[in-house]
Amino acid sequence: MSIPFYVSPEQVMQDKAEYARKGIGRGKSSITLEYRDGILLMAENPSSLSKIGEIYDRIAFAGVGKFSEFDQLRKVGVRYADVKGYAYSRDDVRARALANAYSQAMGDVFTRELKPLEVEVIVAEVGDPELAGHEHNTIYRIQFDGSISDHENFCVIGGLSDELGSFLQSRYQASMPLGEALQLGRAALERASNGRSSVPPQNLEVCLLEKARIGRKFRRLATDELNQLLAG
Amino acid sequence: MRFSGFGGTYEGSSFAELLEIDQPQMRIAWSQLLQQTGAAPIAAPHGTTVLAFKYADGVIVAGDRLATEGYRVASRDVQKVYATDGHSMIAIAGAAGPAIEMARLMRIELEHYEKIEGEALELDGKANKLSQMVRANLPAAMQGLVVVPLFAGYDLRRRQGRIWKFDVTGGRYEEADFDATGSGGLYAKEVLKQRHHSDASRAEALEIAVTALQNAADEDRGTGGIDTVRRIFPTVLTCSHAGIQSAVESEIESAYQRSVAPRANPRMEHRGAGA
């Protein structure tokens, strides 16, 4: 019979957290920020595998870390939202409920499973002036252990989130037009990209939740349009 | 990977299958319901004219607004033509309840697939998916709840408008130029056969669509005409490379004036004046 080792719960949690942080730290950051006409989500991503996705009419998702894990979270989010919208109404699908569900699920994996999720995700919802009680944007960040926080103005997840967060803090202005918000986001991502001075537009993944759109407010920017906006 | 709180075991990209496997209580089994209630084939509201044909920029789909229950009017302003996504449309004919539900499910299905997979289905794929939904409805169709939609859209790859019709078994038939279905479909088709041509402008296409619907409403008691008193107009959607555009009331009204005015009988005016 093998002798069972005793490891204190504190130690187990600490080891898991360290493991998860390491995994997330290796990846690139992702930025979500409010601009004049909605919410901008961007990430440095030269590959064709998306880190940002549409969940529902007013809700978008961004993930960093291990692709297979956050993409799985994105898909269960889409299923959750579509079933809820089918059972009730499209306006009943809300970011807060989804963010809570993510928090539960990720916290559960962290405590029960041997390997924690090496991901952080954002759930962003653009406000609708017509919908009482939901006029304002909301941005939720859910970490690998299920801890959840809501953010105003902007939120950074991934490797250098603290550093980029303070960079954005010093430069962020309310109600920026899209072009300015994009410049700021790119400047922040450039700081994170190991001393490389510029991130070319084709290496950026940029999506918007546009307040003015009818129905599905999520839109992915094509490289051409991104070029124009960054130049203008 | 499973996540607690989200439940479910389905991992594919179809919403209809997701409901069937993970949320069976939400899936409406019409046939089973009919059996359980022991009802004979029921007189669900039906009677309709919907049509689709190709024009210069793509494809146009139109439908009347009347729903009938036997000889009675069930509703004067139901919608029978829906956009299913940015480049495809469905027009429904048959039992109103299941038909509207099918249109709704189809729209969610296409959106769901696009979100899960990160890209939209090809137009052929969309038509095939609808064909499976129609086939799934076969048992209910045999009990009286028939749904036979028209499906049309702009094929971005082939750069052309395309039209499909379906039969109750889910059979899917692509139409070269035009089609119409519903109780007044035959009368609408007669007009389309005479007047339709593939290089018609959008305005001309609107006029042809309105004329065809008006002809059907004239001959078929199950099809509603244009109601200028209540201001109820047919639903008309056009789909081109740029996407779907819904014809506004004023456009339809002026198309109606152009198509009907030349046929007004001068004697009618005389009689009106004498009364």
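Two strands pair if DSSP finds at least two bridges between them, and the strands themselves (E, at least two residues), like the helices (H or I, at least four), are DSSP runs numbered from the N terminus. This is a predicted model, in which local features need pLDDT of at least 70 and side-chain atom pairs count only at pLDDT 80 or more, while totals for chains, interfaces and linings use all residues. Residues are numbered from 1 along each chain as its sequence is written, and chains are lettered from A and ligands numbered from 1 in the order in which they are written.

**Colour by confidence**

Begin by colouring both chains by pLDDT, the predictor's confidence in each residue, from 0 to 100. Chain A averages 93, with 97% of its residues scoring at least 70, and chain B averages 90, with 93% of its residues at that level. Within chain A, confidence is highest in strand β6 (138–142), at 98, and lowest in helix α6 (223–231), at a mean of 91. Where pLDDT is low, the predicted coordinates should not be read in detail. For the complex, the predictor gives an ipTM of 0.93 and a pTM of 0.92.

**Chain A: the sheet**

Select β3 to β7 of chain A, where an open sheet of 5 strands runs in the order β3-β4-β5-β6-β7 with antiparallel pairing. The edge strands are β3(A) (52–56) and β7(A) (148–151), each of which pairs on one side only. Neighbouring strands in this sheet are turned by 25° against each other on average, direction ignored; here axes are lines fitted to C-alpha atoms, for helices over the stretch in contact, and angles run from 0 to 180 degrees between N-to-C directions.

Next, pick out β3(A) and β4(A) (59–65), which pair in the antiparallel sense over 4 bridges and form a hairpin with 2 residues between them. Two bridge pairs to display are A:Tyr56 with A:Ile59 and A:Gly53 with A:Phe61. On to the next strand of the sheet: 7 bridges join β4(A) to β5(A), again antiparallel, and A:Gly65 stands opposite A:Val119 in β5(A).

Is β4(A) enclosed by the rest of the structure or left open? Since 7 of its 7 residues are buried, β4(A) is largely enclosed, where buried means that 20 or more other C-beta atoms lie within 10 Å of a residue's own (exposed is 12 or fewer, partly exposed in between, with C-beta atoms placed from the backbone). Show the side chains, and A:Ile59, A:Phe61, A:Gly63 and A:Gly65 point one way from the strand, whereas A:Ala60, A:Ala62 and A:Val64 point the other way.

Now add helix α2(A) (67–87), which packs on the sheet and touches β3, β4 and β5 (119–125) of chain A, its direction making about 165° with that of β4(A); residues are in contact if their C-beta atoms, placed from the backbone, lie within 7 Å.

**Chain B: the second sheet**

Turn to chain B, whose secondary structure comes to 9 helices and 12 strands, and in which 45% of the 275 residues count as buried. Select β5 to β9, where 5 strands form an open antiparallel sheet in the order β5-β6-β7-β8-β9. β5(B) (81–85) and β9(B) (172–175) stand at the edges with a single partner strand each, so one side of each is left without a neighbour in the sheet.

At one edge, β5(B) and β6(B) (88–91) pair in the antiparallel sense over 4 bridges, and B:Asp85 stands opposite B:Ser88. At the other edge, 4 bridges join β8(B) to the antiparallel β9(B), with B:Ile163 opposite B:Glu175. These two strands form a hairpin with 5 residues between them, and B:Gly170 in the turn has a positive phi of about 90°.

Two helices can then be added: α3(B) lies across β5 and β6, running at about 15° to β5(B), while α4(B) (123–136) lies across β6, β7, β8 and β9, running at about 165° to β7(B).

**Where the chains meet**

Finally, show both chains together and select the contact, which takes 15 residues from chain B and 17 residues from chain A. On the chain B side, α1 (15–22) and α3 (96–117) each supply at least two residues, and the largest share, 4 residues, comes from α3(B).
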